[in-house]
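Student: Please take me closely through one helix in the core of this structure and then set it in the context of the rest of the chain. I would like one connected account, with the residues named as you go.

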Amino acid sequence: MSEEIAALVRRLAAESRDDRAAAQNALIALGAPAVPYLLPLLKNDGTPGGTAAELCLEDIGTAALAPLREVRAHGPGALRAAALRMLAALGGGDALSDADRAAVERLVRIKLPDEHPGDLPADRWIAVPKAEVADIVRALDLHDARPVTTAMGLSAAVHHENSLRHPADDGSDATAYRVFITPEFEGWRLVYGADYLNENWAQVVTRLSAHCGEAHFYAVDEYDGAWVWWVSENGQDRRGYRTYGEPQWIGEPMEFERDLMPDEDPDSEDYDEEYAEGVRDPEEVASSISIQPTVVEVLDRVGHGWLAVTDPEVGHGRFRGDLDI
């Protein structure tokens, strides 16, 4: 059997796509026994064999956890790193041993003081001025907030699984989310959560402004050509724009918009229609009244980021993903 499995693994790098697919299907059908043979290919990131091996392990799913734990515990040593990565990807933090979880926590503590966050994503975020982490956690009723590097927070709340369906106490389905709160950048903290903000941004920005005084939501959807920006103060909508909203605009133009709005006759050659009703581009708005995520690398940073969950019954360990640190 071992020779047959080894032969199938070699075929994952075959030139023929059909041959690779047939080998992949056969290895998935074998399940757990194939895992030790697939792990060595994960060291070849980006190659057809390495990519196919990772896909095989993902399809084998939870059946792969036991042999992966065996490698973590007993080696071979060269495969322990790949086994750890796949354990996190397939089973989340709950799939790791106590020793592995402790090692991750130590590494986070070591990296936190000297981390360099780099630019942050600029597709969907909330900005809150002069707010403590505790204020944001309380406003959004978050739980299990823990210190994380910015890379880890973004991995968890944006790039990997960041929402989970689970049964509620009343028997209905509920959704738990991961939320990342950034370090403070020149008085502003940003809040990320891909699914969380996509599905709840209007309530989130209102709740944050009610507790913290002010909150902004920004979204840039290049695929649909949709722009959204929203400013809420003391729990009330002050000003906002949505490309596909009905209505598109709410509230009166803010001072920075009035400075750009043309006063001339609409029939004049100098009339700038782009700013006739206000500023549409969220990044332009952010640069005028808060901060842009793409420039935080050059801003003064205070503290570190925090990762939290929205449901006290669903801890971090159930979310799958091999997080950056």
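Tutor: The account below starts with the helix itself, moves outward to its neighbours, and ends with some other parts of the chain.

The model is a predicted one, and the part I have chosen is helix α9, which runs over residues 150–159. Most of α9 is covered, since 8 of its 10 residues fall under the 20% relative accessible area that defines a buried residue. Those buried residues are Thr150, Met152, Gly153, Leu154, Ser155, Ala156, Ala157 and Val158. What do they pack against? Their partners are the helices α7 (98–111) and α10, together with the strands β2 (143–148), β4, β6 (188–192) and β12 (305–309).

Within the helix, serine 155 deserves a separate look. Its relative accessibility is 2%, and because this is below 20%, serine 155 counts as buried. Leaving aside residues up to four places away in sequence, serine 155 touches His160, Leu323 and Asp324.

Two of the elements that pack against α9, namely β4 and α10, are also joined to each other by an aromatic pair. The count of such pairs in the structure comes to 6. In one of them, the rings of tyrosine 177 and tyrosine 196 have centres 5.4 Å apart and planes at 55°, and the pair is therefore classed as tilted. Tyrosine 177 sits in strand β4 (residues 173–181) and tyrosine 196 in helix α10 (residues 194–212), so that distant parts of the chain, 19 residues apart, are linked. Both tyrosine 177 and tyrosine 196 are buried.

Helix α10 takes part in a further ring pair, in which tryptophan 201 and tryptophan 230 have ring centres 5.4 Å apart and planes at 70°, so this pair is edge-to-face. Because tryptophan 201 belongs to α10 and tryptophan 230 to strand β8 (residues 226–233), the pair ties together parts that are 29 residues apart in sequence. Tryptophan 201 and tryptophan 230 are both buried, and ring pairs join them with Phe217 in a cluster of Trp201, Phe217 and Trp230. Cysteine 212, at the end of α10 as its range is given, has a relative accessibility of 19%, and it therefore counts as buried.

The helices at the start of the chain give another view of packing. The axes of helix α1 (residues 2–11) and helix α2 (residues 17–30) come within 8 Å and cross at roughly 140°, which means that α1 is oblique to α2. The crossing of α1 past α2 is left-handed, and in it Ile5, Leu8, Val9 and Arg11 of α1 meet residues of α2 that include Ala22, Ala23, Ala26 and Leu27. Helix α2 also packs with α4, at an angle of about 35° and with the axes 9 Å apart, and this crossing is right-handed. On the α2 side the residues are Arg20, Gln24, Leu27 and Ile28, and among those they meet in α4 are Pro48, Ala52, Leu55 and Cys56. Helix α4 covers residues 48–60 and contains proline 48, which touches Leu12 and Arg20 when residues up to four places away are not counted. Cysteine 56 has 0% relative accessibility and therefore counts as buried, and a search of the whole structure finds 0 disulfides.

The backbone has some unusual places in its loops, given that most residues other than glycine have a negative phi, and most peptide bonds are trans. The bond from glycine 75 to proline 76 is cis, with omega near 10°, and proline 76 lies in the loop between α5 (65–74) and α6 (80–91). Lysine 130 has a positive phi of about 55° and counts as exposed because its relative accessibility is 78%. Aspartate 141, in the loop between α8 and β2, likewise has a positive phi of about 55°.

For the chain as a whole, there are 12 helices and 12 strands, and buried residues make up 46% of the 325 residues. Among contacts with a separation of 6 or more, 64% come from residues 24 or more positions apart.

Technical notes: Residues numbered from 1 in each chain as written. Predicted model: local features only at pLDDT ≥ 70, side-chain atom pairs only at ≥ 80, totals over all residues. Heavy atoms only, no water. Disulfide = S-S within 2.5 Å. Buried < 20%, exposed > 50% of the residue type's maximum accessible area, 1.4 Å probe, protein only. Phe/Tyr/Trp six-rings, centres within 6.5 Å; stacked < 30°, edge-to-face > 60°. Helix = DSSP H or I, 4+ residues; strand = E, 2+ residues; numbered from the N terminus. Contact = heavy atoms within 4.5 Å. Axes fitted to C-alpha atoms, helices over the stretch in contact; angles between N-to-C directions. Parallel < 35°, antiparallel > 145°, perpendicular 65-115°, else oblique. Left-handed = near helix turned anticlockwise from the far one by under 90°.
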